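Open the structure in your viewer and keep the sequence panel beside it. The tour goes stop by stop: select, look, move on.

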Amino acid sequence: MATIAGNYWRRELDEKRFPVTARLFETEPGVQVLVHSQRPPGEPVAEIIMVHGLEGSSDAGYARSMAQAALEAGFAAHRFNMRSCAGTEHLSGKALYHSGQTSDLLAVLQATKGPAPVFLAGFSLGGNVALKLAGELGDTAKELISGVTAVSTPIDLAACARRLQARSNFIYSNRFLRRLKQRVSLKERLTPGSFSLDGLARVKSVYEFDDKFTAPAFGFGTADNYYATQSANQFLERIRVPALLVQAKDDPLIPFDVYNLPAFSNNPWLRLLPVDHGGHLGFVSRSKPRFWLDEVLVQWMEKVRNKVPADLVP
């Protein structure tokens, strides 16, 4: 219920007070990604780059409400779209995105880095991308980002793919699969020869889609190898900037036991904030503040920015 409520609850973003600027970044030859940016009056105290989830975009409700909270706190807000998302299929050649694709986000980070501290905020699959990038960068991450937050993150892609196939998740599974099929079909129409659509109609799960389309397209071979190499749980030990992971124990798409990892006790840079209820990206309260998660993330970033020398979990 929380998952559905969080998805459909209306999120306000004041685009009149904080005008939106759309900017394209060329992340590699023939590939451009779209970023929607808003800035507060005066110089921002920090900047946040938000990364959406599977088949999402910068217009996702959680990205909009997070942007509003950040702007109110004096942060610049950048809503990053993965390649081929938000109507940019024609700007990425034959390429799509995958769950561990960090190169585009890194390119945008490098192109936008200024004097203000920069934070990453990843949601669902976007959390996997943000955490994986922080781990890949290791000590050098401090040159680009001050911290990273990840919400409802499938840090074990294989376990989450299995959970998605549960009968109770057929609504979510069908929705993701339908959109993935539409995207690969559109890409083939725009750039013929990108994909062989033989057998697409017979694909019945996200796992099958990844095994037949995603993994081969990116050289992973199989879905199992794709999941094993691109899951953020392989990179948590290497993170060397403050990282806050928020996870609901009743998330229908992510088994909470994937967070039972030594990294959370071994790596002092990691903080796990578990909550009993919240579903998948459904952290909505019946009373105000309605979207309490946004305030938690912004306050944590402010503590990191101000170098508060205590436990950084609110």
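Which residues of the largest nonpolar core touch the most other members? Select Phe80, Leu120, Leu131 and Ile145; these are the ones, in a core of 55 residues. Now colour helix 4, residues 125-137. Helix 4 gives the most to this core, with seven residues. Bear in mind throughout that this is a predicted model.

**Stop 1: around Leu120**

Stay on Leu120 and show its contacts beyond four places in sequence. You should find Ile49, Leu105, Leu109, Ala130, Leu133, Ile145, Gly147, Val148, Thr149 and Met301. As a general rule, nonpolar side chains tend to be buried together in soluble globular proteins.

**Stop 2: helix 3 on helix 4**

Select helix 3, residues 103-112, together with helix 4. Their axes are 10 Å apart, and the packing angle is about 70°. An angle from 65 to 115 degrees counts as roughly perpendicular, so helix 3 is roughly perpendicular to helix 4. Show side chains at the contact. Helix 3 brings Leu105, Leu106 and Leu109. Helix 4 brings Val129, Ala130, Leu133 and Leu137. By class, that contact has seven nonpolar residues, no polar and no charged.

Which residues of helix 3 are buried? They are Asp104, Leu105, Ala107, Val108 and Leu109. To see what covers these buried residues, add helix 4 and several strands. Among the strands are strand 1 (21-28), strand 2 (31-38), strand 3 (46-51), strand 4 (75-80) and strand 5 (118-123).

**Stop 3: helix 2 across helix 10**

Hide the rest and show helix 2 (residues 61-72) with helix 10 (residues 292-305). The two axes come within 9 Å and cross at roughly 45°. That angle makes helix 2 oblique to helix 10. The crossing is right-handed.

Select the contact residues in two colours. On helix 2, take Tyr62, Ser65, Met66, Ala69 and Ala70. On helix 10, take Asp294, Glu295, Leu297, Val298 and Met301. The contact of helix 2 with helix 10 has seven nonpolar residues, one polar and two charged. Met301 also appeared at an earlier stop, in contact with Leu120.

**Stop 4: helix 7 and helix 8**

Select helix 7, residues 206-217, and helix 8, residues 223-230. At what angle do helix 7 and helix 8 pack? The angle is about 90°, with the axes 8 Å apart. The two helices are therefore roughly perpendicular to each other.

Val206, Tyr207, Asp210, Asp211, Thr214 and Ala215 make the contact from helix 7. Ala223, Asp224, Tyr226 and Tyr227 meet them from helix 8. Six of these contact residues are nonpolar, one is polar and three are charged.

Next, pick out the buried residues of helix 7: Val206, Phe209, Asp210, Phe213, Thr214 and Ala215. Their cover includes helix 5 (157-164), helix 6 (170-190) and helix 8. Before leaving, step to Gly219, which follows helix 7. Its phi is positive, near 80°.

**Stop 5: two serines in loops**

Go to the loop between strand 4 and helix 3 and select Ser84. Its phi is near 75°, a positive value in a residue other than glycine. Is Ser84 buried or exposed? Buried means under 20% relative accessible area; Ser84 has 0%, so it is buried.

Now find Ser152, in the loop between strand 6 (147-151) and helix 5. Ser152 has a positive phi of about 50° although it is not a glycine. Ser152 is buried, with a relative accessible area of 0%.

**Stop 6: Asn267 and Gly279**

Select Asn267, in the loop between helix 9 (263-266) and strand 8. At 4% relative accessibility, Asn267 is buried. What does Asn267 contact, leaving aside neighbours within four places in sequence? The contacts are Leu236, Glu237, Arg238, Ile239 and Arg240. Draw a C-alpha to C-alpha distance from Asn267 to Leu236: it reads 7.9 Å, across 31 residues of sequence.

End at Gly279, in the loop between strand 8 (270-275) and helix 10. Gly279 is buried, with a relative accessible area of 4%. From Gly279 to Asn81, the C-alpha to C-alpha distance is 23 Å, and the two are 198 residues apart in sequence.

Methods: Residues numbered from 1 in each chain as written. Heavy atoms only, no water. Core = buried A, V, L, I, M, F, W, Y, C linked by side-chain atoms within 4.5 Å. Buried < 20%, exposed > 50% of the residue type's maximum accessible area, 1.4 Å probe, protein only. Helix = DSSP H or I, 4+ residues; strand = E, 2+ residues; numbered from the N terminus. Contact = heavy atoms within 4.5 Å. Axes fitted to C-alpha atoms, helices over the stretch in contact; angles between N-to-C directions. Parallel < 35°, antiparallel > 145°, perpendicular 65-115°, else oblique. Left-handed = near helix turned anticlockwise from the far one by under 90°. Nonpolar A, V, L, I, M, F, W, Y, C, P; charged D, E, K, R; others polar.
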